Each structure stands twice: as structure tokens, then as C-alpha cells.
Amino acid sequence: MTKTIAILPGDGIGPEIVTEAVKVLETLRDKFSLAIHLESGLVGGAAIDATGSPLPPATLDLAKRADAVLLGAVGGPKWESLDISIRPEKGLLGLRSELKLFANLRPVVLFPELASASTLKPEVVAGLDILIVRELTGDIYFGQPRGIRTLETGEKQGINTLVYTESEIERIARVAFASAEQRQKKLCSVDKANVLEATELWRQVVTRVSRDYPTVQLTHMYVDNAAMQLVRAPKQFDVIVTTNMFGDILSDLASQLTGSIGMLPSASLDANNKGMYEPIHGSAPDIAGQNLANPLATILSVAMLLRYSLNRVDLATAIERAVRQVLQAGLRTRDILGDGQYTVVTTREMGDAVVAQLRAQ
Ligand SMILES: NC(=O)c1ccc[n+]([C@@H]2O[C@H](COP(=O)([O-])OP(=O)(O)OC[C@H]3O[C@@H](n4cnc5c(N)ncnc54)[C@H](O)[C@@H]3O)[C@@H](O)[C@H]2O)c1
Ligand SMILES: CC(C)[C@H](C(=O)O)[C@@H](O)C(=O)O
Ligand SMILES: [Mg+2]
């Protein structure tokens, strides 16, 4: 049966990188007979400009009826003066909560060819393969009350609320333990249980859930230490499970271990593996519209889409192999230059090269 994939390019470099990822999907459709139907929609600033809303009803409807969603990035300086409740980022957050995408998988994998592109010493990152499991629909991102209010003194007060319920913690913990069972069987839960009650509960629930996964070795770490350890000795980690906010920050930090934030894909899944797939980076306004952005994180997100939502591990592997071959051939966008002689390519040239490798397989 033909699967519908919603294509939401968004803002900044979003349309540029998504164009390359769509070329990959079209190649799979035309050359590998993958039965897919692509349908585009507006999200973020592009949607605000066209409709006044960052998540128009037509886009939400498309995302709900699609089998999977591919998103570029949202946001940018043009919309920064808008009220936070109607900014482009709300479009993305709205999709995550409306589609109940509570499990965000962010694999941090170093392609061997990029060891010298990392700002860390090659021996510190060689062989790196971490999975960050980020809770995505709770925490301070969605907690109530929130807002900016004026106190009786006339002074303004900004409020956000960090909340987690046991069931929210338990379901993300189960995703993380199940992932660890399939990998090196090590799970590190990252929290701030020494200060924040919500994450004290996090630690209690994760510990309780661990009894159902006796083969997985569970450790706990405070988030400040985790940030340091990720830079000091990142290979000590196998799977990391953490809260929405900590996962956001730690995954940007960890991305640099792989050479560039332009390399990190993600999958945001609901309880039935329906998913939204996006690079972890943003709309990169500083390089938008210049054909400079690295499209590989988005192309690798397509691989995750095939693996998790379309159950086509063969095609996911084919994409990952094509990316590897392109890197082996010495092609680099500007963000992943390391020591050595490389061919510096544009966004489009990188996408074309991946497609050519796929076609040759
Ligand atoms: N998922 C998303 O849609 C998402 C994620 C993060 C930030 N944002 C939004 O993006 C906007 C810009 O945020 P920011 O500057 O803090 O973060 P950013 O991730 O957009 O950019 C950070 C830095 O990384 C570089 N970079 C990012 N992606 C790249 C790529 N594919 N290739 C090469 N270089 C790349 C940028 O040029 C920039 O120097 C903001 O509006 C923010 O809210 C959106
Ligand atoms: C744009 C923003 C809402 C988003 C987040 O904070 O989750 C982004 O930083 C991400 O990592 O996907
Ligand atoms: Mg982020």
C-alpha cells in the first residue's frame, strides 16, 4: 500500500536541505519501487507568512493522516519579535504534542571519515556511537503555568514550570531500556535529582523500570557532569535517556563530536512508531539561501524514517551506505572540513552525490 509522507520544509535552510532529502526519497520511489506519495505542507515562519499561524489546520491534518513526516527546520530573525505563543517554533512543538511524539531518538554516530572534522582529538571520538533518547512532550517546554506576569510591585516575572508525571517518565524509560537491550546494554539516565524534585521522581521511576530490563546496566548522572563527560570521554556512553530540556542541550553538544551539527538526524516517535523525522539543527539563518548547508542530517533522517516508520531497514542501510561512500570519496560541505584534501561541495552537489551513489547500488 502506498505510504503518504508529509514534507514540511519550514524556514531558513529548511527548504534547501529538504529538497535534497526529497531527491533521495524520489530515487527510492523511482529506482527501488518504494510505494510512497509525497505531500508538502507549510509550517513555522513560512506558514505564518502565508496563513498567520505557525501550524495551520491543513498542515496538522496532513501530518495526522500521513504515515510519516519529514521536517526541515523552523524559525529565524524575521519572526523573533512575535509573541512566543505564535512563533514558528510553536508550529514544531504543536506537531510534537498533537502527534504525541514523546520519544525523540538522536543517534550521535561518528563516520570514521570525519574523525578529523571534530573539534575533539580523533582518538577521543573514533568509534563513537551514542543514542540520546530525549523525552519530547513534557518538561518545562509544556508545563503550566507559564508566561510573563506583572507583580504587585510593578516588576515583571517570567514563569515556566518543570513537570513530569510517572507515566511520562515510565514510557520514555521503556523506550530507552529497549534500545539499550539492542545495543551495548548500557543506559545512563541524566537528571538533576540533587536539586529538582521533578527529576528526583525521574530517577525513582527509571530505577523502578530497570527491574524489567535485568540485562541492561543502569547508571545515573547529573546533567552538569554529563555535559563534561561527553566532552572528556564520550565513548563511555551507549544510550543516554534524559528530559526534554537536557536532551535538547546535550544533543547539540554531542553533535559536535561527530564533526558538525549538520550530521545529526532524529526520529520523534509515538507509541506506535508513527514518526516525524528532522535534523537536530535549526534553520541556520547565517547561511540560509546560500546553498552552503549540509543536507546529510536531513538525508540521514530519511534513513531513520525508512527504518522506524516504513519498516524498510534495507533502504535505510542503503542511504547510510551512500552517505558513507560520498564521505569516502572526499566530498565535504564547509562545516565538516578536517585535515586533508577534500572536494568542497554545495548543498545541492552533496545531495546529488548521495543520489548518484544510491543509483549505483
Ligand atoms: N528543529 C528546528 O526546527 C530547530 C532546531 C533548532 C533551532 N531552531 C531555530 O533555528 C533558528 C536558528 O537557531 P540557532 O542559530 O540557535 O541554531 P541552528 O542550529 O540553526 O544554527 C547553529 C549553527 O550551526 C550551523 N548549522 C546548523 N545547521 C547546519 C547545517 N545543516 N549545515 C551547516 N551548518 C549548520 C549554523 O550555520 C549556525 O552557525 C532559531 O529560530 C531557532 O529557534 C529550529
Ligand atoms: C526549535 C526548538 C523548539 C527545538 C527544541 O528545543 O526542541 C530545537 O532546538 C530542537 O532541538 O529540535
Ligand atoms: Mg535543539
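# A tour that starts at arginine 106

Select arginine 106 to begin: this residue is buried, because 24 other C-beta atoms lie within 10 Å, and 20 or more are enough to count as buried. Keep in mind as you click around that this is a predicted model. Arginine 106 sits in strand E4, which covers residues 103–109. Now show what it touches. Leaving out residues up to four places away in sequence, the contacts of arginine 106 are Ile132, Arg134, Ser251, Leu264, Ser266 and Ile280.

**Stop two: the listed binding site**

Arg134 is worth keeping selected. Which residues does UniProt list under "binding site"? In an unreviewed entry, the record gives Arg96, Arg106, Arg134 and Asp224. Colour those four and look at how they are spread: they span 129 residues in sequence, and the farthest two C-alpha atoms are 26.5 Å apart, so they do not all gather at one spot.

Next, click on aspartate 224. You'll find it in helix H8, residues 223–232. Is aspartate 224 buried or partly exposed? Aspartate 224 counts as partly exposed, because it has 13 C-beta neighbours inside 10 Å.

**Stop three: the two ligands**

Pick ligand 2 and bring up its surroundings: Gly75, Glu89, Leu92, Leu93, Asp248, Ile280 and Gly282. Ile280 should look familiar, as it is among the residues that arginine 106 touches. Helix H4, residues 88–98, supplies the largest share of this shell, with 3 residues. Sort the shell around ligand 2 by class and you get 3 nonpolar, 2 polar and 2 charged residues.

Now switch to ligand 1. It has 22 residues around it, and the nearest are Gly75, Gly262, His281, Gly282 and Asn294. You have already met Gly75 and Gly282 in the surroundings of ligand 2. How many nonpolar, polar and charged residues are in the shell around ligand 1? The count is 11 nonpolar, 7 polar and 4 charged.

**Stop four: two helices**

Select residues 296–308 to light up helix H10, which has 13 residues. From its first C-alpha to its last, H10 reaches 18 Å, close to the 18 Å expected at 1.5 Å a residue. H10 is mostly covered, with 13 of its 13 residues buried.

Then jump to helix H12, residues 347–360. Its end C-alpha atoms are 20 Å apart, which agrees with the 20 Å that 14 residues should span at 1.5 Å a residue. The buried residues in H12 are Thr347, Met350, Gly351, Ala353, Val354, Val355, Gln357 and Leu358. As you look along those numbers, a bit of background may help. An α-helix has 3.6 residues a turn, so residues three or four places apart point the same way. What do the buried residues of H12 pack against? Their partners are helix H1 (14–31), H10, helix H11 (313–328) and strand E13 (331–332).

**Last stop: zoom out**

Show the whole chain as a cartoon and you'll see 12 helices and 14 strands. The radius of gyration is 20 Å, close to the 21 Å that the globule rule gives for 361 residues, so the chain is as compact as a globular protein of that length. Turn it around: the C-alpha trace spans about 65 × 50 × 40 Å along its principal axes. Buried residues make up 49% of the chain.

To finish, select residues 4–354, the span that UniProt (unreviewed entry) lists as "domain: Isopropylmalate dehydrogenase-like". This span is 39% helix and 19% strand, and its end C-alpha atoms lie 23 Å apart.

Technical notes. Residues are numbered from 1 along each chain as its sequence is written. Chains are lettered from A and ligands numbered from 1 in the order in which they are written. This is a predicted model: local features need pLDDT of at least 70, side-chain atom pairs count only at pLDDT 80 or more; totals for chains, interfaces and linings use all residues. A residue is near a molecule or strand if its C-beta atom, placed from the backbone, lies within 6 Å of it. Helices (H or I, at least four residues) and strands (E, at least two) are DSSP runs, numbered from the N terminus. Ala, Val, Leu, Ile, Met, Phe, Trp, Tyr, Cys and Pro count as nonpolar, Asp, Glu, Lys and Arg as charged, and the others, Gly among them, as polar. UniProt positions are given in the numbering used here, feature names are shortened, and annotations may be inferred rather than shown by experiment. The expected span of a helix is 1.5 Å times one less than its number of residues. A residue is buried if 20 or more other C-beta atoms lie within 10 Å of its own, exposed if 12 or fewer, and partly exposed in between; C-beta atoms are placed from the backbone. The radius of gyration is taken over C-alpha atoms; the globule rule is 2.2 Å times the number of residues to the power 0.38. Two residues are in contact if their C-beta atoms, placed from the backbone, lie within 7 Å.
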